[in-house]
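Me: I'd like a close look at the cysteines in this one, and then a walk outward from there to whatever else is worth a stop. Take your time and keep it chatty.

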Amino acid sequence: MYGFEAMTFNIHGGYLEAIVRGHRSGLLTAADYNNLCQCETLDDIKMHLTATEYGPYLQNEPSPLHTTTIVEKCTLKLVDEYKHMLCQATEPLSTFLEYITYGHMIDNVVLIVTGTLHERDVQELLEKCHPLGMFDSIATLAVAQNMRELYRLVLVDTPLAPYFSECITSEDLDDMNIEIMRNTLYKAYLEDFYRFCQKLGGATAEIMSDLLAFEADRRAVNITINSIGTELTRDDRRKLYSSFGLLYPYGHEELAVCEDIDQVRGVMEKYPPYQSTFSKLSYGESQMLDKAFYEEEVKRLCLSFEQQFHYGVFFAYMRLREQEIRNLMWISECVAQNQKSRVHDSVVFIF
Amino acid sequence: MAEHGGCCPPMDLFRSEPMHLVQVIIPIESARLTVSYLGDIGLIQFKDLNAEKSPFQRTYAGQIKRCAELARKLRFFKDQMSKADVKPSAKSDAKAEFNLDELEVKLGELEAELTEINGNSEKLQRSYNELVEYKLVLQKAGEFFKEAQSRAAAQQTEVSSQQAAEESLETPLLKDQESTADQGKQVKLGFLTGLVPKGRSMAFERILFRATRGNVFLRQSSVDEAVIDPNSGEKVEKNVFVVFFSGERAKSKILKICEAFGANRYPFAEDLGKQAQMITEVSGRISELKTTIDAGLLHRANLLETIGNQYEQWSELVRKEKSIYHTLNMLSIDVTKKCLVAEGWSPIFATQQIQDALQQATVDSKSQVGAIFQVLHTKELPPTYFRTNKFTESFQTIVDAYGVAKYQEANPGVYTVVTFPFLFAVMFGDWGHGICILLATLFLIFREKKYSSQKLGDIMEMTFGGRYVILLMALFSIYTGLIYNEFFSVPFELFSPSAYACRDAACSEATTIGLIKARDTYPFGVDPAWHGSRSELPFLNSLKMKMSILLGVAQMNLGIILSFFNALYFRNPVNVWFQFIPQMIFLNGLFGYLSLLIIVKWCTGSQADLYHVMIYMFLSPTDDLGENQLFPNQKTVQLVLLLLSLIAVPWMLLPKPFILKAQHNRTHQGQSYTPLEGTEDSLQVEAGHDAHGHGEFEFSEVFVHQLIHTIEFVLGAVSNTASYLRLWALSLAHSELSTVFYEKVLLLAWGYNNIIILIVGIIVFIFATVGVLLVMETLSAFLHALRLHWVEFQNKFYEGDGYKFAPFSFALLSDEDE
């Protein structure tokens, strides 16, 4: 019932919305980042973070710290919060929350499969997986030799199973295949998530469709840029674009034929919302595009908190926290490797 | 202002302690010791002189990091101790004092030792767990094989008997071949044994089936007790499995799947003899390992015991050190880096103590230069510090919850000690309930020592903190209860028999008709004969309503008088002449007069209608009072009072803004003439604060402010007086509720003459009394008393815009932490 969420939303969603908004106010602020960027050692970073919400997770770490420890602990906090929210959630919020993790699941599957392809140790790979995207039989992925086996053996039990329908081939796995599989899965996932949100209706649909459309468009641009100069045909490329978003369908037609970054830029500049993002980049530059997109995303995610009574805040919070962890990782890496001049290169301030 | 204290007796609680801003210049070598001594005294609130620096840019950031590291080690020990069930002994024998460096070394050693022991025992534990699992596998899988063999043997005999039976006719030849072929295949079958967690066994089986396309044979059997998993060290319920397969590819797949599912595999011999041998071997090694592990655990427990003995001491030391360095970080370091400059507020009475401490620190640290202590002059408002004790503390908290008093402002806390419980009791007058609450709070007070050292729950903490408030509340409600003659709404003839008696035998109990006054007036409180009579309510209402107004007018007058004391103390004659006096006249001209009328009416027993008197005092002041006249010349008095009140309003409103404006102009003019009066030392401090001292004088703003103030007071005089009627309302509600519970529950149940109904009735009565009357009513009366103090009383004089004195003190540190 559109516009009437205020009447019933709080029955089931009120508590969790309050929780998530409380979590959001614990995100690091620009002042925190300024302090963090001035740190000289990882211990300084730890000292600073112990004064924030990360305190309980970091304070018991013995002193020679590594970047991975910091990132791991910060992620652990996110996972704990997520699990708490999932425990408290009722339908359809719980499904919504589960949807958020599918992206990580896809990444984990791809990570393990590529890892085994290059004969890495499974345990080592498992440690690298994002804890939000873990599922029971994830380690068994190493057994599979081709897509069909992958699906039949393992993934049929996971929520990813329906997304696989488009990429079951008996071809052996190689890097290219896997990358295509990742994008096909992601496309199916985004479309499914989009449909789910539309079904929920109301403010959730409105806000999530905006956020997901942005996600889809960003993926489309990234796919295009990454596939320039590879043997991927135009038709194959177009198949990887999600069938919604601002660029759908005409932008996709144009993106599919792009041969270099400036053509992509030409396409994107026709769309007012992306104009500002692209106008910040100088010609022929694709390095900073990621950061520009992240900044745009963060802006949109923050805006979703301006409205009440919708599930978009959960999605937004998870994404913002992940961005924050990426920031922390970058800062810690810069500090650890004495590259402090580059510290501002990829930090995206959230507030 | 300090010299003002000389003429009067010390007013500890009435005015906050006189404070001064002090500057201490400490040589850097004695800085730590000095701050530590000052922390022992706990009477200086240091100002942060490095506010613009981030935490790790400060001088002592390194030391703080060290302390944090030590605290982490201590937390590690605590964690280990709680795992091993070793309690840190509370306040052990005060052994040798450690300093931080020694402690750092010591803790480092202990941590290394402990981690090594843990590592070793973990390794041992791991192999022990592996062996336990192995033994389980041997037993369970052995059962499978035995079963299978016996069944196979049974089959074999069956087959052979069949063969024997059917030998004659049907082709034995082919069958023979078949069976040999079977045997040939069987030889190639490989098998794996191991354990898989029970929760994942289904998925394990499914994946195995899928991966090998069904070409496996899996047997599982659950282990009865949970096993400790060697890898994770957690207790898990597990299944023993045996999986048969054929072919190398299948084997590698199964191995991978086993790994993925965290299934531990163990070698298994098919041969029965070997199995038995293995089992005994494994059992032997298990018992061997067990003794080793036990020895390790004992060692560890001993180590933890020694840590536990000193744990409290260490953690206190670390806490102290950390707070010392935090404080040191707030001091500004001199350019020459030879001394630290501290600034902070301290009460004047502590000056000697602080100087002694500084001297002591200089001597103890063998520093050649002593610390320099000097008082700075400043226009900044000092913090508010009341020296409370455990009794007055909770009352002061009630006041502080509204707002911390401005520096040296009259503190309503002094009066709150009595008026708060009293107003509460007026609403909660029942000596039965009062005794219940008294017993409860006495329980808390007698166990004070025990409770104050331990952590209590949220609500309990609040009750415990306010135990003395509750004590006074209970005592006062016993007193008012006696006046109201209420005891669970049962009337008592405590002080003498009732003054009234029946005229004849026909008069019923429930009415006053037929009662005549037989004896002297009941000596104390309300005569019990009123209870339950038809005129009980009108009588009590009239009594309580009038009493409320008397109390209210008295308390508001007290508030206004306190504003007079404030004006005197801060030498502010404008406030005396143009605020205090007109306010007094206005309030007392109207409501003071009403109070007077009430008293006169009580004393004379007049029948005059006070409503009528008050209303027509405004509507037609010149009319004749007629039968409502209480005393001669009443009309003239009323006219005079009315006129005075009318005059008081513009008196409050107009002169003050103009006088302020004139004063401001005068000082402004004067300023251009005044020579530089500041001496050297005050100059530097004042420079920063001068700006806001002489801000722009905005006349309209001051006037509007005064207008609001006046309107608020004039309207407030009416509405606040009316607000005091809540005393009557709540008291009425309380007595009615207790009547309902007594009559409709207890007496009703009594009437049935049935023991069960009586018991149920008593239980309901007890729960209703405790839940509704003792808990909820207490709470509501408490809140109403709170409101009367915060709003009706304190708005007459209390600014409440000060800030609290928060000294650096080790004593406060311990309960802050955790």
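How many disulfides does a search of the whole structure find over all chains?

Reply: Zero, over all chains. Bear in mind that this is a predicted model, and that a disulfide here would need two cysteine sulfur atoms within 2.5 Å. Take A:C74: the nearest cysteine sulfur belongs to A:C39 and sits 13 Å away, so with the cut-off at 2.5 Å A:C74 is in no disulfide. A:C74 is buried, because its relative accessibility is 1%, where buried means under 20%. A:C197 has no disulfide partner either: its nearest cysteine sulfur, from A:C302, is 19 Å off. With 0% relative accessibility, A:C197 counts as buried too.

Let's stay in chain A and look at how some of its helices pack. A:C74 falls within the residue range of helix α6, which runs over residues 67–88. The axis of α6(A) comes within 10 Å of that of α2(A), residues 14–24, and the two cross at roughly 170°. That angle is over 145°, so α2(A) and α6(A) are roughly antiparallel to each other. On the α2(A) side the contact is made by A:Y15, A:L16, A:I19, A:V20 and A:H23, and on the α6(A) side by A:E81, A:H84, A:M85 and A:Q88. Sorted by class, that gives five nonpolar, three polar and one charged residues.

If you carry on past the end of α6, you reach the loop between α6 and α7 (93–117) of chain A, where A:P92 lies. Here's something to check by eye: the peptide bond from A:E91 to A:P92 is cis, with omega near -5°. Another cis bond runs from A:Y248 to A:P249, again with omega near -5°. A:P249 is in a loop as well, the one between α12 (234–240) and α13 (250–256) of chain A.

Now for another pair in that chain, α11 (residues 202–227) and α16 (residues 289–304). Their axes come within 10 Å and cross at roughly 175°, so α11(A) and α16(A) are roughly antiparallel to each other. A:C302, mentioned above as the owner of the sulfur nearest to that of A:C197, falls within the residue range of α16(A). From α11(A) the contact draws on A:I207, A:D210, A:L211, A:F214, A:E215, A:R218, A:V221, A:N222 and A:I225. From α16(A) it takes A:L289, A:D290, A:F293, A:Y294, A:E296, A:E297, A:R300, A:L301 and A:S304. The class count for the contact of α11(A) with α16(A) is nine nonpolar, two polar and seven charged residues.

Over to chain B. Its secondary structure comes to 24 helices and 13 strands, and buried residues make up 41% of its 818 residues. Of the contacts in chain B between residues at least 6 apart in sequence, 82% join residues at least 24 apart.

UniProt, in an unreviewed entry, puts the feature "transmembrane region" at residues 422–446, 467–484, 547–568, 580–600, 636–654 and 755–776 of chain B. Two of those spans are worth setting against the model. Residues 580–600 are 100% helix and 0% strand, with the end C-alpha atoms 27 Å apart. Residues 636–654 come out at 95% helix and 0% strand, and there the end C-alpha atoms lie 28 Å apart.

Inside the annotated span 547–568 you'll find B:F565, part of helix α15 (residues 536–569) of chain B. B:F565 is partly exposed, at 35% relative accessible area. Leaving out residues up to four places away in sequence, B:F565 touches B:F14 and B:R15. B:F565 and B:E536 are 29 residues apart in sequence, and their C-alpha atoms are 43 Å apart in space.

Just past α15, B:R571 is found in the loop between α15 and α16 (573–604) of chain B. Phi of B:R571 is near 50°, a positive value in a residue other than glycine. B:R571 is exposed, with 61% relative accessible area. B:N753 makes a good companion to look at: its phi is near 60°, again positive in a residue other than glycine. B:N753 belongs to the loop between α22 (726–751) and α23 (755–793) of chain B, and with a relative accessible area of 73% it is exposed.

How values were computed. Residues are numbered from 1 along each chain as its sequence is written. Chains are lettered from A and ligands numbered from 1 in the order in which they are written. This is a predicted model: local features need pLDDT of at least 70, side-chain atom pairs count only at pLDDT 80 or more; totals for chains, interfaces and linings use all residues. Side-chain values use heavy atoms; hydrogens and water are left out. Buried means under 20% relative accessible area, exposed over 50%, partly exposed in between (1.4 Å probe, protein chains only). Axes are lines fitted to C-alpha atoms, for helices over the stretch in contact, and angles run from 0 to 180 degrees between N-to-C directions. Helices (H or I, at least four residues) and strands (E, at least two) are DSSP runs, numbered from the N terminus. Angles under 35 degrees count as roughly parallel, over 145 as roughly antiparallel, 65 to 115 as roughly perpendicular and the rest as oblique. Contact means heavy atoms within 4.5 Å. Ala, Val, Leu, Ile, Met, Phe, Trp, Tyr, Cys and Pro count as nonpolar, Asp, Glu, Lys and Arg as charged, and the others, Gly among them, as polar. UniProt positions are given in the numbering used here, feature names are shortened, and annotations may be inferred rather than shown by experiment.
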